[in-house]
Amino acid sequence: MKQRVEYGSVADNYMEKRQLRSGAAGWILLAGLGVAYVISGDFSGWNLGLAEGGWGGLAIAFCLMGIMYVCMTLGLAELSSTLPTAGAGYGFARRALGPLGGFATGTAIVIEYTMAPAAISTFIAGYVQALGILPESVPNWVIYLVAYLIFVGIHLWGVGEALRLMFLITAIAVIALLAFVFGMIWHVEPANMFNIAPDGSLGSSEFLPFGVSGVLASLVFGIWFFLAVEGVPLAAEESANPKRDMPRGILTAMGLLVVFGALMLIIVPGTAGADAMGVSDNPLPEAVRTVYGENSMLATFVNWAGLAGLIASFFSIIFAYSRQLFALSRAGYLPKFLSLTGKRKTPYMALIIPGIIGFALAVATGGDGGILLNVAVFGATVSYVLLNLSHVVLRFKEPHLERGYRTPGGAVTTITALVLASVAVVATFFVDIVAAGIAAAVFLVFLAYFWFYSRHHLVAKAPEEEFAQISEAESGLH
């Protein structure tokens with residue numbers, strides 16, 4: 001069915017007030033951005049999957065979700081080198097699936113990237129309180145507020161400065177992971193991974209103590225190893241050479257994340273035991289203390305660097321939500337004031353408004369990072385289905401489109417990711433039906449806004465809309 005949209009008139013200087021700073025990021029900074037999005041997941045969160053599926057269940061989930069993310073990022077490398085705009089996911093789906101598909105994809109990404117920093121802010125507060133940095137009388141909401149004020153403020157300062165600082169913070173977290181690996185890998189005992197007793201359910205064993213159902217329950221935690229790496233293409237308009245830099249950046253980041261994720265999955269439960277690590281708030285420092293004692297310098301360093309890892313992900317996902325919101329707003333899908341940029345060419349309203357929402361949700365949920373992250377995972381998995389579908393559709397719909405990079409395996413690669421992403425969407429309802437239900441309701445409200453209002457007020461000058469109009473005009477000539 002043809003999706004009818006209408007383009008409204010805008011002022012001559014509309015696009016001049018909505019410009020990002022180009023050339024601010026090369027492929028190394030982009031790779032750092034990809035790692036920064038995700039690195040907090042290596043320090044905490046994933047280990048809760050041990051309590052859901054045991055080591056075997058989480059290992060299978062890691063492999064399945066790892067395959068999904070590798071296949072998807074190979075597709076995104078092609079899409080981002082072909083359609084390099086700040087819209088990224090929205091822009092790809094807009095070209096392939098039409099305005100509704102583009103808006104649905106962009107909205108799912110906005111839900112993911114607004115919820116994830118809110119969740120991470122609660123984890124930051126937990127680390128700060130555990131490290132004794134502040135008096136115990138300081139309430140957690142003050143820490144959430146300070147985190148948002150500082151890191152939204154740095155993004156308002158300028159994208160080049162923000163990306164370089166983020167790269168530095170990420171480097172500290174990576175050094176801590178390397179120190180953890182070299183200090184702990186010699187102490188791994190395979191028996192520790194399988195110390196959860198089988199519960200007698202279908203297919204249960206030492207390897208899968210909670211049986212087949214444990215694998216499904218672990219899928220969401222397998223996603224935590226990689227969640228948000230797909231945000232690298234959101235920096236396309238600010239990269240130096242997107243056709244070359246985007247594929248290099250996102251694929252380098254993905255490779256590093258697979259290696260670090262596999263090492264954490266083996267070393268943490270292999271030293272401190274799957275049973276204990278499945279309920280730990282800070283699994284890496286606890287594992288170090290199990291081996292080296294309570295006063296270990298390595299444990300202290302990893303504990304502090306874990307805070308750096310959380311900050312890196314918090315900081316970088318703020319960048320991601322602002323760019324996706326900026327693109328949707330610039331094209332008229334969401335209120336246009338959200339895409340205004342200031343003298344330093346940063347989308348200040350797209351940075352501030354989701355920050356306020358994220359802070360309010362962190363406070364309103366009483367610091368329950370789990371429910372916020374589960375909402376984020378729902379948004380993520382829905383967007384993954386649509387992103388992979390977009391790659392497949394464009395391969396068949398526009399086979400002769402000039403591509404800066406071609407996905408190995410073509411559509412077969414992204415069809416693999418599409419199937420696994422669809423399974424992951426279903427799994428979110430098994431893990432937390434309340435969080436998934438809330439996210440689905442918000443998603444439907446956004447779609448209703450598009451259908452009844454914004455599709456009649458789109459902006460033809462927006463790059464993603466221009467790409468789509470050119471494509472439609474060319475197809476009409478054949």
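Trainee: How do the residues lining the largest cavity divide into nonpolar, polar and charged?

Mentor: In this predicted model, that lining has 11 nonpolar residues, 4 polar and no charged. The cavity holds about 150 Å³ of space, and the closest of its 15 lining residues to the centre are S40, G41, I120, W224 and L373.

Trainee: What makes G41 polar and W224 nonpolar in that scheme?

Mentor: Gly is counted among the polar residues, whereas Trp is on the nonpolar list.

Trainee: Which elements give two or more residues to that lining?

Mentor: They are α1 (27-38), α2 (40-43), α4 and α12 (297-330). The largest share, 3 residues, comes from α4.

Trainee: How many cavities of 30 Å³ or more are there?

Mentor: There are 2. The second largest has about 60 Å³ of space, and α4 gives the most to its lining too, with 4 residues. Among the residues lining this second cavity are F92, Y113, E230 and Q324. Its lining divides into 8 nonpolar, 3 polar and 1 charged.

Trainee: Staying with α4, why is Y127 called buried?

Mentor: Buried means under 20% relative accessible area. Y127 is at 6%, so it counts as buried. This residue is found in helix α4 (residues 89-131).

Trainee: What does Y127 touch, leaving out residues up to four places away in sequence?

Mentor: Y127 touches F43, D281, N282, N303, G306, L307 and L310. Take N303: it is 176 residues from Y127 in sequence, yet their C-alpha atoms are 8.0 Å apart in space.

Trainee: How do you know that the span of helix α5 agrees with what is expected?

Mentor: Helix α5 (residues 140-157) has 18 residues, which at 1.5 Å a residue should span 26 Å. Its end C-alpha atoms are 26 Å apart, so the two values agree.

Trainee: And what makes the buried residues of α5 line one face?

Mentor: Seen down the helix axis, they fall within an arc of 150°, so they line one face. The buried residues of α5 are I143, Y144, A147, Y148, F151, V152, I154 and H155.

Trainee: What is the phi of A228, and where does this residue sit?

Mentor: Phi of A228 is near 95°, a positive value in a residue other than glycine. Most residues other than glycine have a negative phi. A228 is in the loop between α8 (211-223) and α9 (242-272).

Trainee: Is A228 buried or exposed?

Mentor: The cut-off for buried is under 20%. A228 has a relative accessible area of 1%, so it is buried.

Terms used: Residues numbered from 1 in each chain as written. Predicted model: local features only at pLDDT ≥ 70, side-chain atom pairs only at ≥ 80, totals over all residues. Heavy atoms only, no water. Buried < 20%, exposed > 50% of the residue type's maximum accessible area, 1.4 Å probe, protein only. Contact = heavy atoms within 4.5 Å. Expected span 1.5 Å × (residues − 1). Arc of directions from axis to C-beta. 1 Å grid on protein atoms, 1.4 Å probe; cavity = no way out; pocket = protein on both sides within 12 Å on 5 of 7 lines; lining within 4 Å. Points joined across faces, edges and corners; volume = space filled by probe spheres on them.
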